[in-house]
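Dear colleague,

Please find below the structure that I am handing over to you, together with its sequence. My findings follow directly after it.

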Amino acid sequence: MHGERFSKVGFVLAAAGSAVGLGNIWKFPYMTGENGGGAFVFIYLLTIVFIGLSVFLAESVMGRLSRGDAVSAFETLPQKNGQYWKYGGFMVFTGVIILSFYTIVIGWIFKYIYVAATTLPSSVEEAGAAFGGMITTDTVGQMLFFTLAFVITFYIVSQGIKRGIERINLVLMPLLVGILVLLLFYAMTLDGFGDSLRFLFIPDFSKVTSTSILSAVGHAFFTLSLGMGTIMTYSASLPKDSNLVTSSLSVAALDTIIALIAGMVIFTLIFSFGAEPAQGAGLVFISLPPLFHDLGVLGNIIGFAFFVALAFAGITSAVSIVEPTAMYMINRFKISRVQALSILGVTTYVLGTLALISNVETLKGYATIFGKGVFDILDFSSSSILLPLGGLLVALFVGYALQKDRLVALLGDHMPKAAFDVWYFSIRYVAPLGIAAVMINQLFF
Ligand code: PHE
Ligand code: NA
């Protein structure tokens, strides 16, 4: 069980630090670009409000009641139709998959901290060529930065939840939000701002395919850190009288606002410079640097601060991706934190290296399975399959395996009865059916 406890503010900060990450600033804009804009955003927002928020609260409830890791929550909490729930514990392994590619992207960001401080590309074309060159040819450089990201992440987790995680969040989250808001004000003065709003908020449903629906739903889970036990594990360290309802609401709101601001800034620049929205994973690395370049030395400073803050947003999420698996291994196998992290570290480092070389032109042959690179396989299988599946199980578990009285006792004081009923209906019916429908539609039709 957990020795350390979060303070109340510490929990909200750490949960927000976990939620707000590369998902908001790197992934959300590029997925929106690839999936045609507004319709993707619309489905993503719908999922956050009607599914994500209720699953978030459900995961917090499981953690708070079990006070243990995700596997033991599924094993020890059921009061109805017992033993089969334990398979829900599979979700503690999803973190290994996500972390392997997540640290590579943090490595790219490290590289761009350096780029911003030195010489920025002057046009979108130049920026595109530079980013593409890094991904497809610079194995050594990428490995160096990936290793750095990896070491930092594991070092922080080795220090334990409170000292390591709580502290850095406190300083860096406000910095990141501040820079983004500044960039937003700047974007408002540019020609492309109107186009960016139209692109993001006017849905064109002719662009929707079953794949883009699944991506939007999967991304809603990814961005809220749901479906793999992160929120459950953090909630296990909450003080007794915490208000799970307000913390869920504030984390989801903050996460969504930051993603939308990032989207507005990035697409304003894309449209102002006449660039292509569907750039893929390089979008943020291609659209922003030329803007920073145009601002002269000031741009170097803002760019530097932006990528530093983004790196920290990434790291606070990365530590939260390691923690559920680590916590499970420590409790289950009675091993030390360092031992657990060593095993996890070796596994993710090997997987991450494979993912990295799967983007390199001359080496991709060694890391391609069924014609798909390891990087893409890890990304797709985690976001579009494992996280929604984990979320589905959490919803079913809280909706059917736990007694309703227990939920009322825990949450009743913190939400009006009507809100409780809506939430309960959502985790019993709306969330499971919604997730199942989307997955079945994509996988079998
Ligand atoms: N929510 C994080 C982001 O948006 C990623 C993450 C996924 C963190 C799953 C923890 C668990 O970047
Ligand atoms: Na997020």
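**The shell around ligand 1**

By class, the residues that surround ligand 1 comprise nine polar, six nonpolar and no charged ones. Please note that this is a predicted model. The shell holds 15 residues, and those that come nearest to the ligand are Gly21, Gly23, Ser225, Thr230 and Ser317. Four elements each give two or more residues to it, namely α1 (8–19), α2 (22–34), α10 (210–223) and α14.

**Helix α13**

Two of these elements, α2 and α14, appear again in the surroundings of α13, whose buried residues pack against α2, α5 (94–117), α6 (124–137), α12 (244–272) and α14. Helix α13 spans residues 283–294 and is mostly covered, as 10 of its 12 residues are buried. The buried positions are Leu283, Val284, Phe285, Ile286, Ser287, Leu288, Pro289, Pro290, Leu291 and Phe292. After α13 comes glycine 296, which has a positive phi near 70 degrees.

**The packing of α3 and α16**

Helix α3 (residues 38–66) packs with helix α16 (residues 374–401) at an angle of about 65 degrees, and their axes are 9 Å apart. Angles of 65 to 115 degrees count as roughly perpendicular, and α3 and α16 are therefore described as roughly perpendicular to each other. Their crossing is left-handed. On the α3 side, Val55, Ala58, Glu59, Val61 and Met62 take part, and they meet Gly391, Val394, Ala395, Phe397 and Val398 of α16. By class, this contact of α3 with α16 has eight nonpolar residues, one polar residue and one charged residue.

**Positive phi values outside glycine**

Two residues other than glycine deserve your attention when you inspect the backbone. Lysine 334 has a positive phi, near 50 degrees, and is found in the loop between α14 (296–333) and α15 (337–357). A residue counts as exposed if 12 or fewer other C-beta atoms lie within 10 Å of its own; lysine 334 has 8 such neighbours inside 10 Å and is therefore exposed.

Phenylalanine 370 also has a positive phi near 50 degrees. This residue lies in the loop between β1 (368–369) and β2 (372–373). Is phenylalanine 370 buried or exposed? Phenylalanine 370 is exposed, because 5 other C-beta atoms lie within 10 Å.

With kind regards

Notes: Residues numbered from 1 in each chain as written. Chains lettered and ligands numbered in written order. Predicted model: local features only at pLDDT ≥ 70, side-chain atom pairs only at ≥ 80, totals over all residues. Buried ≥ 20, exposed ≤ 12 C-beta atoms within 10 Å, placed from the backbone. Axes fitted to C-alpha atoms, helices over the stretch in contact; angles between N-to-C directions. Parallel < 35°, antiparallel > 145°, perpendicular 65-115°, else oblique. Left-handed = near helix turned anticlockwise from the far one by under 90°. Contact = placed C-beta atoms within 7 Å. Nonpolar A, V, L, I, M, F, W, Y, C, P; charged D, E, K, R; others polar. Near = placed C-beta within 6 Å.
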